[in-house]
Amino acid sequence: MPPMISASDVTKTYASGFTALENVNLEIVKGEIFALLGPNGAGKTSLIGVICGIVSMTSGRVLVDGHDIEREYRAARSKLGLVPQEIALDIFSTVWNTVRFSRRLFGRRADDRYVESLLRDLSLWEKRDSRIVELSGGMKRRVMIAKALSHEPDAVFLDEPTAGVDVNLRRDMWALVRRLRDKGVTVILTTHYIEEAEEMADRVGVIDNGRLVLVEDKTALMRKLGKRRLILTLHKPLSELPASLAGWPLELDHAGLRLTYAFNADAEGAGISRLLERLGELGIDFRDLETSTSTLEDIFIDLVGRSA
């Protein structure tokens with residue numbers, strides 16, 4: 001099956017000389033939820049803009065469901081829905097007219113039943129006759145989402161869709177994303193709430209300084225780059241680690257009461273029993289132990305720091 005989106009050697013250099021994207025190669029398969037992560041200014045929004053035909057490439061090629069975004073712009077763009085970070089709406093139009101007009105703008109036949117269903121899904125039905133200017137910020141964000149979905153796109157870009165919105169909208173948003181995926185819609189999202197990406201995404205891409213650092217299946221990524229930690233709370237503080245433990249990946253906190261042992265998340269046992277046995281031989285007793293596993297945010301911070 002051909003990918004939903006294929007970006008090949010995409011580079012974007014502005015007139016100022018700043019290179020926002022450098023030789024980006026990315027394929028996003030149909031029906032997946034793909035999380036694009038990166039710090040501010042990393043190139044996330046520039047890449048989305050290029051794929052959606054809003055930002056021109058300096059070089060490279062982008063295909064959307066097999067359609068070239070430059071040579072077959074209308075066919076490619078009709079496949080995509082975009083929820084940008086900025087709210088851009090006609091403030092004097094009603095919710096109903098805004099969404100209905102957006103559908104027709106993409107050449108889709110009028111379907112008031114679908115528009116009603118969409119507004120109900122986004123808790124906008126009761127506000128259908130309200131003008132945009134009368135809505136709260138969260139409601140305006142819902143209208144932006146409805147606009148992006150009005151023409152029933154095959155892929156939807158959500159650029160920081162839950163930034164600065166209330167908990168209810170975040171919950172509704174992710175419920176909607178799951179329903180879209182169940183219908184076969186491809187969802188590409190950027191978010192600063194990395195725990196959301198960890199919960200929702202099938203695959204993860206990390207971009208930094210305009211370059212893709214990695215693209216990986218989320219589960220495989222967390223297994224390969226994740227760390228597990230064994231944390232021991234000691235009975236008596238240690239002033240320093242004994243020299244005989246120098247070869248172990250251990251950290252002692254400032255108070256000398258917590259000993260942390262880090263190991264790969266996919267390692268079996270990873271020598272824990274040998275470590276505990278060695279501590280016993282040295283007369284180092286502990287009164288409590290706990291384990292933890294790296295989150296996607298831990299891995300992201302490590303990757304971005306490593307690529308800087």
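In the predicted model described here, Lys79 and Asp65 form a salt bridge in which the closest N and O atoms are 3.2 Å apart. This pair links distant parts of the chain, since Lys79 is placed in the loop between helix H2 (73-77) and strand E6 (80-83), while Asp65 is placed in the loop between E4 and E5, 14 residues apart. Asp65 is partly exposed, with a relative accessible area of 21%. The two residues also belong to a network of salt bridges in which Lys30, Asp65, Lys79 and Asp154 are linked. In general, side chains of opposite charge can pair when their charged atoms come close.

The count of salt bridges comes to 16, and two further examples may be described. The side chains of Arg181 and Asp202 meet in a salt bridge with an N to O distance of 3.0 Å. Arg181 lies in helix H6 (residues 167-182) and Asp202 in the loop between helix H7 (194-200) and E9, so this pair ties together parts that are 21 residues apart in sequence. Both partners fall in the partly exposed class, Arg181 at 27% relative accessibility and Asp202 with a relative accessible area of 29%. A salt bridge is also formed between Arg131 and Glu134, for which the closest N and O atoms are 3.6 Å apart; Arg131, at 34% relative accessibility, counts as partly exposed.

Strand E4, which precedes the loop that holds Asp65, takes part in an open sheet of four strands in the order E2-E1-E4-E5, with antiparallel pairing. The edge strands of this sheet are E2 and strand E5 (67-68), each of which pairs on one side only. Strand E1 (residues 5-13) is joined to strand E4 (residues 59-64) by five bridges, the two strands running antiparallel. Within this pairing, the bridge partner of Ile5 in E4 is Val64, and that of Thr11 is Ser59. E1 also pairs with strand E2 (residues 19-28) in the antiparallel sense, over six bridges, and here Lys12 stands opposite Leu21 in E2. The hairpin of E1 and E2 has five residues between the strands, and in this hairpin Gly17 takes a positive phi near 100°. Lys12 additionally lies over the face of Tyr14, at 4.7 Å from the ring centre.

A contrasting, parallel arrangement is found around strand E3. Three bridges join E3 to strand E8 (residues 186-190), and these strands run parallel; in this pairing Phe34 stands opposite Ile188 in E8. Four bridges join E3 to strand E9 (residues 203-208), again in the parallel sense, with Val206 in E9 as the bridge partner of Leu37. Five of the five residues of E3 (residues 33-37) are buried, so the strand is largely enclosed by the rest of the structure. In a regular strand the side chains alternate between the two faces of the sheet. Both faces of E3 are covered, with Ile33, Ala35 and Leu37 buried on one side and Phe34 and Leu36 buried on the other.

The structure holds two aromatic pairs. In one of them, the rings of Trp96 and Trp125 have their centres 6.1 Å apart and their planes at 70°, so the pair is edge-to-face. Distant parts of the chain are linked by this pair, with Trp96 in helix H3 (residues 95-105) and Trp125 in the loop between H4 and H5, 29 residues apart. Both Trp96 and Trp125 are buried. In the pair formed by Trp248 and Tyr261, the ring centres are 6.0 Å apart and the planes are at 70°, so this pair is edge-to-face as well. Trp248 is located in the loop between strand E11 (227-234) and strand E12 (250-252), and Tyr261 in strand E13 (residues 258-264), 13 residues apart. Trp248, at 19% relative accessibility, counts as buried, and Tyr261 is buried with a relative accessible area of 5%.

The face of Trp125 is also occupied by a charged residue, since Arg128 lies over that ring at 4.0 Å from the ring centre. The loop between helix H4 (112-121) and helix H5 (137-149) also contains Val133, which is partly exposed, with a relative accessible area of 39%. Together with Ile91 and Phe92, Val133 forms a nonpolar patch on the surface, with about 270 Å² of accessible area together.

Key:
Residues numbered from 1 in each chain as written. Predicted model: local features only at pLDDT ≥ 70, side-chain atom pairs only at ≥ 80, totals over all residues. Heavy atoms only, no water. Patch = residues over 30% accessible without salt bridge, like charges linked within 9 Å, V, L, I, M, F, W, Y side chains within 5 Å. Areas by Shrake-Rupley, 256 points an atom, 1.4 Å probe, with all protein chains shown as cover. Salt bridge = Lys/Arg side-chain N within 4 Å of Asp/Glu carboxyl O. Buried < 20%, exposed > 50% of the residue type's maximum accessible area, 1.4 Å probe, protein only. Pairing = 2+ DSSP bridges. Phe/Tyr/Trp six-rings, centres within 6.5 Å; stacked < 30°, edge-to-face > 60°. Lys NZ or Arg CZ within 6 Å of the ring centre and 35° of its normal.
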